[in-house]
Amino acid sequence: MTVEVKNLVRRFGATAALEGVSLSLDQGEFIALLGPSGSGKTTLLRILAGLDFPDAGEVRIAGADVAAVPARERGVGVVFQNYALFRHMSVAENVAFGLRVRPRRHRPAEVEIQRRVRELLELVQIPELARRYPDQISGGQRQRVALARALAIEPQLLLLDEPFGALDAQVRKDVRRWVRGLHERLGITSILVTHDQEEAMEMADRVAVMERGRIVQLDTPHALLQAPATAFVAGFLGEATRLPLCIEGGVARLAEFGLDDIHLELPDGEAVLFLRPHEVRIEPSQAGPAFIRFVRPEGSSRSRILAEVGGRIIEGTGGAGFARGDTCRIRLVSGTVFHGDGSSHRWERQGALATG
């Protein structure tokens with residue numbers, strides 16, 4: 001089932017929650033909407049669900065224009081962060097709810113509802129919980145109940161609104177991998193709203209990065225990290241050190257940061273350099289000028305290191321044996337430069353290879 005939105009606009013008074021958003025999904029695709037609070041991702045999901053309506057633009061599900069169609073008629077399953085389970089209903093009754101409230105002419109027979117509930121509880125691997133109530137099961141189990149309830153109506157589209165936020169870290173990792181596996185088995189077109197970049201990058205086929213009501217980049221997780229379209233994307237995704245540059249005569253002088261200058265075939269002016277940890281090498285040096293603030297071993301011969309130089313923290317990689325307080329040298333290997341004119345460029349130090 002395909003999904004397509006074109007030029008969506010949604011305003012709340014003078015505030016634009018969505019400003020000309022366009023997005024399309026192929027059948028069976030899993031997309032994440034990722035962005036900070038206020039970027040418009042939840043508003044976009046609510047419009048897709050039929051819980052809100054755009055001021056302008058098109059919403060098409062399976063080719064049909066549903067921009068003015070109410071939620072109950074869209075065939076869309078939604079799982080919310082708080083799960084929205086009915087505490088006075090058993091697990092089985094919660095799963096059956098969406099089927100039992102259908103208009104009589106579309107409502108399955110009771111025996112069919114019960115069969116469907118049994119199948120769904122088997123699918124989400126909690127058949128033994130059918131008679132329990134939400135307060136009697138764990139957060140991860142409640143998340144599975146909410147998902148089974150969303151699937152009960154056999155949705156064309158599955159929407160997940162921050163569904164793992166209430167879980168502790170380890171359970172969250174386990175459940176999101178299980179949900180991705182379930183998506184692959186069922187082949188339902190799915191959209192996840194999240195502010196957790198690790199969650200988005202792990203689960204989604206493509207990620208739509210949102211900023212101030214717009215999608216600023218839509219791409220695969222790998223492409224977003226390797227070729228960010230804007231400085232916002234570069235800084236928002238992954239781990240990166242941000243260094244301001246002033247380019248004069250093709251050179252950006254970094255002595256104030258205790259670093260070697262870098263040569264850039266770019267016009268004079270201001271720019272910003274983004275450095276991923278694997279693009280920065282931390283090397284032992286008794287003469288400094290940097291010193292180690294934090295070390296995290298990654299195997300027997302490699303460490304992730306935070307070093308301070310010129311009053312700025314720079315994250316990089318180095319060998320084993322570093323300790324907090326040691327002096328060191330920082331060598332930049334490569335990075336992404338965003339010039340003040342809006343262009344972006346890859347920089348690599350000649351003769352140096354980044355360690356990945």
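Modeller: Ala, Val, Leu, Ile, Met, Phe, Trp, Tyr, Cys and Pro count as nonpolar, Asp, Glu, Lys and Arg as charged, and the others as polar. Keep that in mind for this predicted model.

Colleague: How do the residues lining the largest pocket divide by class?

Modeller: There are 13 nonpolar, four polar and five charged residues. Ala71, Val76 and Ile153 are among the residues closest to the centre. Ala, Val and Ile are on the nonpolar list, so these three count as nonpolar. Arg72 is also among the closest. Arg counts as charged, so Arg72 does too.

Colleague: Which elements supply the lining of the largest pocket?

Modeller: Strand 6 (76-79), helix 2 (91-100) and helix 4 each supply at least two residues. Strand 6 gives the largest share, three residues. The space in this pocket is about 730 Å³.

Colleague: What is the class make-up of the second largest pocket's lining?

Modeller: Five nonpolar, five polar and five charged residues. Helix 7 (residues 221-226) gives the largest share of that lining, three residues. The volume is about 300 Å³.

Colleague: How do you know that the reach of helix 5 is close to the expected one?

Modeller: Helix 5 (residues 169-186) has 18 residues. The expected span is 1.5 Å times one less than that number, so the rule gives 26 Å. Helix 5 reaches 26 Å from its first C-alpha to its last. The two are close.

Colleague: Why is Trp178 of helix 5 called buried?

Modeller: Buried means under 20% relative accessible area, and Trp178 is on the buried list, so Trp178 falls under that cut-off. Val175 and Leu182 are also among the buried residues of helix 5.

Definitions and conventions:
Residues are numbered from 1 along each chain as its sequence is written. This is a predicted model: local features need pLDDT of at least 70, side-chain atom pairs count only at pLDDT 80 or more; totals for chains, interfaces and linings use all residues. Side-chain values use heavy atoms; hydrogens and water are left out. Helices (H or I, at least four residues) and strands (E, at least two) are DSSP runs, numbered from the N terminus. Buried means under 20% relative accessible area, exposed over 50%, partly exposed in between (1.4 Å probe, protein chains only). On a 1 Å grid over the protein atoms alone, a cavity is a set of points where a 1.4 Å probe fits but cannot get out, and a pocket is an open set with protein on both sides within 12 Å along at least five of seven lines; lining residues have an atom within 4 Å of a point. Grid points are joined across faces, edges and corners, and a volume is the space filled by probe spheres set on the points.
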